[in-house]
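Trainee: Could you take one part of this model and walk me through it closely? I'd like to hear what surrounds it and what open space lies around the fold.

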Amino acid sequence: MLLKHPKSRFEEIYKVYEEAFPAIERRTRRGQEKVFENPAYQVRIIEEQGEVLAFLGYWELPGCVFLEHLATLEKSRGKGLGKQLVEEVLKETAKPVFLEIEPVTKDDPMTERRAGFYQRLGFHLNPFYYQQMPLKPEDNPLRLMIMSYGIPFTKEEFFPYKKEIYHIVYRVEASL
């Protein structure tokens, strides 16, 4: 369900966000509240008996859709909730869709599982270097990878979308 007023459910969604993401991949509470106030930021949830079980926070940008956070409460994982949320967005847009994931490594089997989850939904893991800009002033850029829905992208093809993501989501300018 797409929330018309996500700010009204902020506390519940932030609880799921805190449980699912390590500190380096989270904004401060105030930083995330400000994101919730941005009209380009959309939130979809799945709830049961009034409890938020899963959410997808994403950016409806002029040229693309950027999936930023997909999280499910630990007790509700493995039930297809994340898949359902992503598929809802994919059905409703004709724009290119992108997301960031950690580099896939043999040392961390979860990175392979996460990439496989998105690949089963039709995303491609693009091989070029990418950095997520810091979400908090004290953080450094984070080495991640870009996945694109439907077709792979080269670094050059992705660059116009990177500029948009960096400018609107991270509030910095991008370089190739």
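Mentor: A cut-off before we start: a residue is called exposed when its relative accessible area is over 50%, and buried when that value is under 20%. Bear in mind too that this is a predicted model. Let's take helix α4.

Helix α4 runs over residues 109–120, so to speak a run of 12 residues. From its first C-alpha to its last the helix reaches 17 Å, close to the 16 Å expected at 1.5 Å a residue. Now for burial. Thr-111, Ala-115, Gly-116 and Tyr-118 are the buried ones in α4. Look down the helix axis and those buried residues of α4 fall within an arc of 165 degrees, so they line one face of the helix. Over on the other side of α4 you'll find Pro-109, Arg-113 and Arg-120, which are exposed.

What does the buried face sit against? The buried residues of α4 pack against one helix, α3 (81–92), and against the strands β3 (65–72), β4 (97–101), β5 (123–125) and β7 (142–149). Just past the end of α4 comes Gly-122, with a positive phi of about 105 degrees.

α4 also takes us to the open space. The largest pocket holds about 920 Å³. Its lining counts 32 residues, and the closest to the pocket's centre are Leu-70, Met-110, Arg-114, Phe-117 and Tyr-118. Tyr-118 you've met already, as one of the buried residues of α4. Elements that give two or more residues to this lining are β3, α3, β4 and α4. The largest share is that of β3, with seven residues. By class, the lining of the largest pocket splits into 15 nonpolar, seven polar and 10 charged residues.

Then there's the second largest pocket, at about 320 Å³. Here 16 residues make up the lining, and Arg-27, Gly-31, Val-35, Val-169 and Arg-171 lie nearest the centre. Two or more lining residues each come from α2 (29–36) and α5 (155–170). It's α2 that gives the most to this second lining, namely four residues. The class split for the second largest pocket is eight nonpolar, three polar and five charged.

Back to β3 for a moment, since the loop that follows is worth a look. Leu-73 lies in the loop between β3 and α3, and this leucine is buried, with a relative accessible area of 5%. Leaving aside residues up to four places away in sequence, Leu-73 touches Val-16, Glu-19, Glu-51, Val-52 and Leu-53. For a sense of scale, Leu-73 and Val-172 are 99 residues apart in sequence, and their C-alpha atoms are 31 Å apart in space.

One last stop, towards the start of the chain. Pro-6 sits in the segment before α1 (10–20). With a relative accessible area of 9%, Pro-6 counts as buried. Ile-13, Phe-36 and Val-43 are the residues Pro-6 touches, again not counting those up to four places away in sequence. Between the C-alpha atoms of Pro-6 and Asn-126 there are 31 Å, with the two positions 120 residues apart along the chain.

Note on methods. Residues are numbered from 1 along each chain as its sequence is written. This is a predicted model: local features need pLDDT of at least 70, side-chain atom pairs count only at pLDDT 80 or more; totals for chains, interfaces and linings use all residues. Side-chain values use heavy atoms; hydrogens and water are left out. The expected span of a helix is 1.5 Å times one less than its number of residues. Buried means under 20% relative accessible area, exposed over 50%, partly exposed in between (1.4 Å probe, protein chains only). The arc is that of the directions from the helix axis to the C-beta atoms. Contact means heavy atoms within 4.5 Å. On a 1 Å grid over the protein atoms alone, a cavity is a set of points where a 1.4 Å probe fits but cannot get out, and a pocket is an open set with protein on both sides within 12 Å along at least five of seven lines; lining residues have an atom within 4 Å of a point. Grid points are joined across faces, edges and corners, and a volume is the space filled by probe spheres set on the points. Ala, Val, Leu, Ile, Met, Phe, Trp, Tyr, Cys and Pro count as nonpolar, Asp, Glu, Lys and Arg as charged, and the others, Gly among them, as polar.
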